[in-house]
Amino acid sequence: MISPRTQIDLFDFLDETHRQLQRHLVLLRSVVEACQVGHLDAAERLRARQVLHFFNGEARQHHLDEENHIFPVLAASSDEALVAAARRLRQDHGWLEENWLHIEPAVAAISAGNQWFDSAELLHALEVFEALYLDHLLLEESLAYPEAHKRLQAYDRAGMGREMAQRRSARPAAASA
Ligand SMILES: [Fe+2]
Ligand SMILES: [Fe+2]
């Protein structure tokens, strides 16, 4: 997590969060596949808790980081392709949130040792979530981040990093769970 005391570069932090996102997508797949074979042991329940914690917390903060600091830079560009990319990436966040809200109750049930849901439907929802997320990360890393990086000065990046750290430290403890 970004810290107000650590002078970590904004884009290094965003890249690291993408690696965390990919790791948590792998964890989520492990949990969903264990469901398909009815093998939900303590390790899978723990993975389910980690997945819930991450997608309910840091993943949403990451979307806010981009909506507050990265997409507006692209949207202000005179390049129509960048403006369209910013619009699409912001819309993706809405779809990703909707997909996650569809998946979350099943993962919460798994974390509590229950399996009342339709596991085939959960697998399908996961496939949609994974495909959209991976496509989204690719567009950010190949276009949005490099183009925003070119347009931002070091002092802009430092201010953005401070806002990101302050927003996280202002969250109540319960909201980060
Ligand atoms: Fe994003
Ligand atoms: Fe991202």
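**Two bridged iron sites, one cavity and two further contacts**

Ala 158 counts as partly exposed because its relative accessibility is 31%, where buried means under 20% relative accessible area, exposed over 50% and partly exposed in between, for a 1.4 Å probe and protein chains only. Ala 158 has its place in helix 6, which covers residues 154-170 (helices being DSSP runs of H or I of at least four residues, numbered from the N terminus). Although Ala 158 and Asp 9 are 149 residues apart along the chain, their C-alpha atoms are separated by 7.7 Å.

The model is predicted, with local features requiring pLDDT of at least 70 and side-chain atom pairs pLDDT 80 or more, while totals for chains, interfaces and linings use all residues. Residues are numbered from 1 along each chain as its sequence is written, chains are lettered from A and ligands numbered from 1 in the order in which they are written, and side-chain values use heavy atoms, without hydrogens and water.

The iron ion (ligand 1) has as its protein donors Glu 66 (OE), His 93 (NE2), His 136 (NE2) and Glu 140 (OE), which lie 2.0 to 2.1 Å from the ion; donors are N, O and S atoms within 2.8 Å of the metal (3.2 Å for Na, K and Ca), and sites may look incomplete because water is not among the atoms. Along the chain, these donors follow the spacing E-x26-H-x42-H-x3-E. The arrangement around the iron ion (ligand 1) is irregular because its four donor atoms subtend angles of 81 to 167°; four donors count as tetrahedral if all angles lie between 85 and 135 degrees and as square planar if opposite donors are over 155 degrees apart and all others between 65 and 115, the latter limits also defining six donors as octahedral, and anything else is irregular. Since His 93 lies in helix 4 and His 136 in helix 5, the pair ties together parts that are 43 residues apart in sequence. His 93 is buried, with a relative accessible area of 3%, and His 136 also counts as buried, at 1% relative accessibility.

For the iron ion (ligand 2), the protein donors are His 18 (NE2), His 62 (NE2), Glu 66 (OE) and Glu 140 (OE), at 2.0 to 2.1 Å from the ion. The site of the iron ion (ligand 2) is irregular, with angles of 82 to 172° among its four donor atoms, and its donors follow the spacing H-x43-H-x3-E-x73-E along the chain. Glu 66 bridges the iron ion (ligand 2) and the iron ion (ligand 1), which lie 3.3 Å apart. Distant parts of the chain are linked by the pair of His 18, in helix 1 (residues 10-36), and Glu 140, in helix 5 (residues 119-151), which are 122 residues apart. Both His 18 and Glu 140 are buried.

Asn 56 has its place in helix 2, residues 42-56, and is buried, with a relative accessible area of 18%. The side chains of Asn 56 and Glu 104 are joined by a polar contact of 2.9 Å (a pair of N or O atoms within 3.5 Å; within protein, one must be able to donate a hydrogen and the other to accept it, and residues adjacent in sequence count only if both atoms are side-chain atoms).

Terms used
Helices (H or I, at least four residues) and strands (E, at least two) are DSSP runs, numbered from the N terminus.
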